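User: I want to learn how to read a protein model feature by feature. Could you take me through one, starting with its pockets?

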Amino acid sequence: MSVSFERRDCWIFDLDGTLTISIHDFDGIKRILGLPIDRSILEALNELPTAQAAQLHQQLDALELDIAHRATAQVGARELLTKLRSRGDRIGILTRNSKLNAQATLAACGLAEFFPAESILSRHCCPPKPSPDGIWQLLPLLERIKRSLGDGGRLCIRS
């Protein structure tokens, strides 16, 4: 099935590796946190006792914030977002990052102007991907924004 770029006016993006060049060393982060290499970071943290998980989440946030400050945009990301904005399209981000780190990443990349805070959902706003909960939370927001402009909305989900 072919999806026409021109026929869509609402977009949900991932952040790292989609709009930005991913520089995360996930195995390195797992080693620093003492987590098993064969598990995803968030799932491994969720399996730990609450106090231990809270401490490691703080460490993870600090590690990710450092990475966020060094983030760079993918080639063409600014041009794409500028084009979507010029067409009046609604855009959002669904990320496994924290919201603070997502906003810091966007700022470091020069892309923050495209995403109001309410259009960014993080692992603290909803169950992290691959759960579809974040998409279900973003869609009504993007639809409301579009309806307020008076022309319905055709939705397309991209990751």
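Analyst: Start with what surrounds the open space. This is a predicted model. Its largest pocket has 16 lining residues, with D16, F26, E64, R96 and N97 nearest the centre. The elements that give two or more residues to this lining are α1, α2 (41-46) and α3 (50-69). The pocket's volume is about 260 Å³.

User: How does the lining of the largest pocket divide by class?

Analyst: Sort the lining residues into nonpolar, polar and charged. For the largest pocket, that gives seven charged, five polar and four nonpolar residues.

User: Which residues lie nearest the centre of the second largest pocket?

Analyst: They are D89, R90, I91, F114 and P116, out of 12 lining residues. Two or more residues come from each of α4 (77-86), β2 (90-94) and α6. The volume here is about 160 Å³. By class, the lining holds six nonpolar residues, five charged and one polar.

User: Now closed spaces. How many cavities of 30 Å³ or more are there?

Analyst: A cavity is a space the probe cannot leave. The count here is one. That cavity holds about 30 Å³. Its lining consists of D16, T20, I21, S22, I23, H24, I67 and A71. Four of these are nonpolar, three are polar and one is charged.

User: Take T20 from that list. Is T20 buried or exposed?

Analyst: Check relative accessibility against the cut-off. Buried means under 20%. T20 counts as buried because its value is 1%. Next, find its place in the chain: the loop between β1 (10-13) and α1 (26-33). Then list its contacts. Leaving out residues up to four places away in sequence, T20 touches L15, T72, A73, Q74, T105 and C109.

User: And I23, how does it count?

Analyst: Apply the cut-offs again. Partly exposed runs between 20% and 50%. I23 has 38% relative accessibility, so it counts as partly exposed. I23 also lies in the loop between β1 and α1. Beyond residues up to four places away in sequence, it touches I67 and R70.

User: How far apart are I23 and R70, in sequence and in space?

Analyst: Read both distances side by side. The two residues are 47 apart in sequence, while their C-alpha atoms are 8.5 Å apart. For the chain as a whole, look at contacts with a separation of 6 or more. Of these, 72% join residues 24 or more positions apart.

User: Next, helices. Why does the span of α3 agree with its number of residues?

Analyst: Compare the expected span with the distance between the ends. α3 has 20 residues, so at 1.5 Å a residue it should span 28 Å; its end C-alpha atoms are 28 Å apart, which agrees.

User: Which residues of α3 are buried?

Analyst: A53, L56, L60, E64, I67 and A68 are. Now look down the helix axis. These buried residues fall within an arc of 120°, so they line one face of α3. The other side has exposed residues A51, Q58 and H69. Cover over the buried residues includes α1, α2 and α5 (99-109). Two of the names have come up before: E64 is among the residues nearest the centre of the largest pocket, and I67 helps line the cavity.

User: What about α1? Which of its residues are buried?

Analyst: G28, I29, K30 and L33 are buried. Elements covering them include α2 and α3.

User: Which backbone features should I look for?

Analyst: Look at phi and omega. Most residues other than glycine have a negative phi, and most peptide bonds are trans. In this model, G34 has a positive phi of about 75°, just after α1. The bond between K129 and P130 is cis, with omega about 20°. P130 sits in the loop between β3 (120-121) and α6 (133-148).

User: Finally, what pattern does the chain follow along the sequence?

Analyst: Read the elements in order: β-α-α-α-α-β-α-β-α-β. That comes to six helices and four strands. The chain has 159 residues, and 38% of them count as buried.

Definitions and conventions
Residues are numbered from 1 along each chain as its sequence is written. This is a predicted model: local features need pLDDT of at least 70, side-chain atom pairs count only at pLDDT 80 or more; totals for chains, interfaces and linings use all residues. Side-chain values use heavy atoms; hydrogens and water are left out. Buried means under 20% relative accessible area, exposed over 50%, partly exposed in between (1.4 Å probe, protein chains only). Contact means heavy atoms within 4.5 Å. On a 1 Å grid over the protein atoms alone, a cavity is a set of points where a 1.4 Å probe fits but cannot get out, and a pocket is an open set with protein on both sides within 12 Å along at least five of seven lines; lining residues have an atom within 4 Å of a point. Grid points are joined across faces, edges and corners, and a volume is the space filled by probe spheres set on the points. Ala, Val, Leu, Ile, Met, Phe, Trp, Tyr, Cys and Pro count as nonpolar, Asp, Glu, Lys and Arg as charged, and the others, Gly among them, as polar. The expected span of a helix is 1.5 Å times one less than its number of residues. The arc is that of the directions from the helix axis to the C-beta atoms.
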